[in-house]
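Here are some worked exercises to try with the coordinates open beside you. Have a go at each task before reading its solution.

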Number of protein chains: 2
Amino acid sequence: MLNGLERIRLASLHDKVVPVEQAIQLIQDGSVVGMSGFGGAGEAKTVPLALADYAQQHPLKITLATGASLGNRIDGRLSQAHALARRYPYQADPDLRQAINQGEVMYIDQHLSEMAENIRHQNLPRINVAVIAATAITETGLIIPTASCGNSANFVEMADQVIIEIDCTISPEFEGAHDVYVPATRPNRQPIPLVNASNRIGTLGIEVDPAKIAAIVINHLPDTSFKMDESDADTLAIAQHLIHFFEQEVASGRLPENLGPLQSGVGSIANAVFAQFQHSNFHDLEMYSEVLQDCTFELIDSGKMIFASGSSMTLSEPCAAHVMKNFEMYKDKIVLRPQEISNNPEIIRRLGIIAINTALEFDIYGNVNSTHVSGTKMMNGIGGSGDFTRNAHLAIFVTKSIAKNGAISSVVPMVSHCDHIEHDVDILVTEQGLADLRGLAPRERARKIITCCAHPSYQKSLLDYFERACALGGHTPHLLREALSWHANFVETGRMQ
Amino acid sequence: MLNGLERIRLASLHDKVVPVEQAIQLIQDGSVVGMSGFGGAGEAKTVPLALADYAQQHPLKITLATGASLGNRIDGRLSQAHALARRYPYQADPDLRQAINQGEVMYIDQHLSEMAENIRHQNLPRINVAVIAATAITETGLIIPTASCGNSANFVEMADQVIIEIDCTISPEFEGAHDVYVPATRPNRQPIPLVNASNRIGTLGIEVDPAKIAAIVINHLPDTSFKMDESDADTLAIAQHLIHFFEQEVASGRLPENLGPLQSGVGSIANAVFAQFQHSNFHDLEMYSEVLQDCTFELIDSGKMIFASGSSMTLSEPCAAHVMKNFEMYKDKIVLRPQEISNNPEIIRRLGIIAINTALEFDIYGNVNSTHVSGTKMMNGIGGSGDFTRNAHLAIFVTKSIAKNGAISSVVPMVSHCDHIEHDVDILVTEQGLADLRGLAPRERARKIITCCAHPSYQKSLLDYFERACALGGHTPHLLREALSWHANFVETGRMQ
């Protein structure tokens, strides 16, 4: 492995290398800080962890913008140190989640494709300091990101000062994995020229005025590695329903044989679906997604998948080691892009993506809650699910039909919080079955969702609710005094019914 | 005016002209029919009205797809004749509305930009018969639309048979007003090359294989003309809040002096806002919208607006007469596009549009209901509001703070139906004031919305709800047993409180 200085190939930057204690002085109480990191991968580590330690002793509250979630419990450590005043656009940390739900941290949960645009065009404040993890800095001063692109290019562009964290744990082979395209400031915006998941349209790293680089810190702490839950009978059933549906769509000529580019949310259900692809007849699969997981590389290794585009690589330890060691093999089969490109509505609609995301709950009309437990408590955030779902060729949501041993039905009369409106939801899948909602009116959707997706122990109650609501009339019939009573019951008694 | 045959310049088509009774025989029980028409403009009239008469006497139920709403009470007449089994993607007719809310007509309310894509890629059934109003058919067989483009190009492309209705009421000068661009079927889709509201990227009319034209009917019934409500004190106050906000944004450098392209929903509030532009210092205004109304042409006439792009022209009788008579004057200042281009997410995000749409109600966290009265009864449909709002540079919703003499508050604890999630809503305006929600977390949004937008007679109750909900915790605090009680009260007693 190369050491820190060897990775800084623009020699004039060597004297910017400073101890972390000096670097964090650039970040002050009230600063707006933009950090690299997406899906718990590619974040700066040394700087934010030192910042958390500092904040334990000193008054410091910052606004923290990132790509998405950070690894290494950084969000938790900053939160415990009460160092976060505001946080956007996504998080997935238990301590930060608690602080958000107690109203201590102001969390602005956003569509992941939109934040860079909102900073560029001043709907969100300018970045004072960007903290960006880098595999290397090239001879011409290009910053080579690590395991995610996220919003880093935007932060560097919009920041007053940049701290670069050279990550010595990342294989130098990783240079070449990225494709950094930054849309021009309006009104001089041109079409994004990407017409295929595998197109390269940008540069290999992030361009920066070297004068903006205020400090460089050397990091030796690795990215967090992740372990996906194994499939269980329910996730396997969901995967089988979905594969069967895809087979029918191909047979009927409605989908091409390789299905077109796939997007997948993170998690065990996505993992199960992709495991099933291994045993299917589909071939030449492509991903145009946010996060590339182990299953992506397994499908590439087995020859099922020909290309995967994402913004981040969130891998288990053995998979990460395998990928890094054999990166040459993957160089023409994967690419990491800024999230405003990986999640861009323009590209998602142009390519005709099949989007598979996980619902917390959905209602009988097909509205989806992805974020709020009982309508109030934030889990993680909407992430990229809105970017993909609104613009997908097919928008699919999956979940198990019940939770907490049946105390919760994932199919409810009315969602307690709406993240995806019924117009954006084509297909719903639970272990019970698949509801194809295309071209159906709300009353038709309700019967199909209840019959195909609800757990048998809740079907009768849902049908009863629906029929009593229909008797009162309306395009989307509801009983307003009962619509959220299942959630209220759960909060009060621990059971929806 | 030219007569019907003079407008059919491809002479080989002359023998396809038939009486309407013969043409409607092409439409059968169970047919999927795609008709021109958007915003009550540019619809075929002779064919659907004859069809409604026929259906009064004979069993006939069709699926009717259009651009958006139809004029001349066509939806009502078809609905009264029980001729509609299914209807998409939008309507605005009182009789059809009633049939939808009684569950008699299956209404699939859709984002207006998506329907053509859904037909092209078989998420919706193929069109059996397209019925398209035309100003003329050119020597080369190009169909020149009338006062709207809507989904007509898509219907012609996807239909088995095409009926053309030559509209003798439309000035032949209208030829040249359209720019028809049809995205290629995936996976061969290229970027849409439009980078400015005034760009022309397509053809002057709709291309068609002449063999597909099964019948031509001559029409002499004009499009419906519309009369906008005059401004009142409340709509004027809303307009003034908005103009003041725009002035501040320009002064702070966050918006350009011409604001960038504007989109506006149809209605009296939009009319009031645009009337205020006349008296403002803004200049070189541009629209990139769905429906061009009288106010658009008034701003062009006064030199305030330099270009307007839409999919439809919905005008009053005097304005329509003025525009038709002087069309040469407007030819380089307006364009009508297919709705999958006027409402396309790719273009909307690229251009950085300011979207101004009307809410039925919004909640204290900024979720918006555009469609459902008391969460159940459909008003019109979501239309293009989702296309514009999700992808806009600034997404603005306007409404009066109370309705029915104060029996209804437009600001509620929780929307009874969600069309626009809080992440998609930047600015809310009532006659009480303007809430700028950019960069705020839900708890902050709530205080601002209640203080700035709610009617004084409801502020205390809303604040009381919010504070009691906050006491229970959560990122988006709610009292589940009370959240929809205001709506339930209204249904039961005629008053929310």
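The exercises below concern a predicted model, and each task is followed by a stepwise solution.

**Exercise 1. The overall build of chain A**

Task: Work out how many helices and strands chain A has, and judge how its radius of gyration relates to the globule rule.

Solution.
- Step 1: Start with the secondary structure, which in chain A comes to 18 helices and 26 strands.
- Step 2: Turn to the radius of gyration, which is 23 Å for chain A; the globule rule gives 23 Å for 497 residues, so chain A is as compact as a globular protein of that length.
- Step 3: For the outline, take the principal axes: the C-alpha atoms of chain A fill a box of roughly 75 × 50 × 45 Å.
- Step 4: Add burial, where 67% of the 497 residues of chain A count as buried.
- Step 5: Finish with the contacts in chain A that have a separation of 6 or more; residues 24 or more positions apart account for 73% of these.

**Exercise 2. Two helices in sequence order**

Task: Classify the packing of helix H16 (residues 442-453) against helix H17 (residues 456-472) in chain A from the angle and distance of their axes.

Solution.
- Step 1: A packed pair of helices is described by the angle between the axes and by the distance between them.
- Step 2: For H16(A) and H17(A), the angle is about 165° and the axes are 9 Å apart. Because angles over 145 degrees count as roughly antiparallel, H16(A) is roughly antiparallel to H17(A).
- Step 3: The handedness comes next: H16(A) passes H17(A) in a left-handed crossing.
- Step 4: List the contacting residues. H16(A) brings Arg443(A), Ala446(A), Arg447(A), Ile450(A) and Thr451(A), which meet Gln459(A), Leu462(A), Leu463(A), Phe466(A), Glu467(A) and Cys470(A) of H17(A).
- Step 5: Sort this contact of H16(A) with H17(A) by class, and you get six nonpolar, two polar and three charged residues.

**Exercise 3. An angled pair in chain A**

Task: Find the crossing angle and handedness for helix H8 (residues 233-251) and helix H9 (residues 268-278) of chain A, then sort their contact residues by class.

Solution.
- Step 1: The axes of H8(A) and H9(A) cross at roughly 50° and come within 8 Å. That angle makes H8(A) oblique to H9(A).
- Step 2: The crossing of H8(A) and H9(A) is right-handed.
- Step 3: On the H8(A) side, the contact is made by Thr235(A), Leu236(A), Ile238(A), Ala239(A), Gln240(A), Leu242(A), Ile243(A) and Phe246(A). On the H9(A) side, Ser268(A), Ile269(A), Ala272(A), Val273(A), Gln276(A) and Phe277(A) take part.
- Step 4: By class, this contact of H8(A) with H9(A) holds 10 nonpolar, four polar and no charged residues.

**Exercise 4. A pair in chain B**

Task: Decide how helix H9 (residues 268-278) and helix H10 (residues 294-301) of chain B are oriented.

Solution.
- Step 1: H9(B) and H10(B) pack at about 5°, with axes 9 Å apart. Angles under 35 degrees count as roughly parallel, and H9(B) and H10(B) are therefore roughly parallel to each other.
- Step 2: Asn271(B), Phe274(B), Phe277(B) and Gln278(B) of H9(B) form the contact with Cys295(B), Glu298(B) and Leu299(B) of H10(B).
- Step 3: The contact of H9(B) with H10(B) divides into four nonpolar residues, two polar and one charged.

**Exercise 5. Backbone exceptions**

Task: Locate the cis peptide bond between Arg186(A) and Pro187(A), and say whether Ser374(A) is buried or exposed.

Solution.
- Step 1: Recall the usual case: most residues other than glycine have a negative phi, and most peptide bonds are trans.
- Step 2: The cis bond joining Arg186(A) and Pro187(A) has an omega of about 10°. Pro187(A) sits in the loop between strand E8 (159-167) and strand E9 (213-219) of chain A.
- Step 3: In chain B, the bond from Arg186(B) to Pro187(B) is cis, with omega near 10°.
- Step 4: Ser374(A), not a glycine, has a positive phi of about 50°. The residue lies in the loop between strand E19 (372-373) and strand E20 (377-378) of chain A.
- Step 5: With a relative accessible area of 13%, Ser374(A) is buried.

Definitions and conventions:
Residues are numbered from 1 along each chain as its sequence is written. Chains are lettered from A and ligands numbered from 1 in the order in which they are written. This is a predicted model: local features need pLDDT of at least 70, side-chain atom pairs count only at pLDDT 80 or more; totals for chains, interfaces and linings use all residues. Side-chain values use heavy atoms; hydrogens and water are left out. Axes are lines fitted to C-alpha atoms, for helices over the stretch in contact, and angles run from 0 to 180 degrees between N-to-C directions. Helices (H or I, at least four residues) and strands (E, at least two) are DSSP runs, numbered from the N terminus. Angles under 35 degrees count as roughly parallel, over 145 as roughly antiparallel, 65 to 115 as roughly perpendicular and the rest as oblique. A crossing is left-handed if the near helix is turned anticlockwise from the far one by less than a right angle, and right-handed if clockwise. Contact means heavy atoms within 4.5 Å. Ala, Val, Leu, Ile, Met, Phe, Trp, Tyr, Cys and Pro count as nonpolar, Asp, Glu, Lys and Arg as charged, and the others, Gly among them, as polar. The radius of gyration is taken over C-alpha atoms; the globule rule is 2.2 Å times the number of residues to the power 0.38. Buried means under 20% relative accessible area, exposed over 50%, partly exposed in between (1.4 Å probe, protein chains only).
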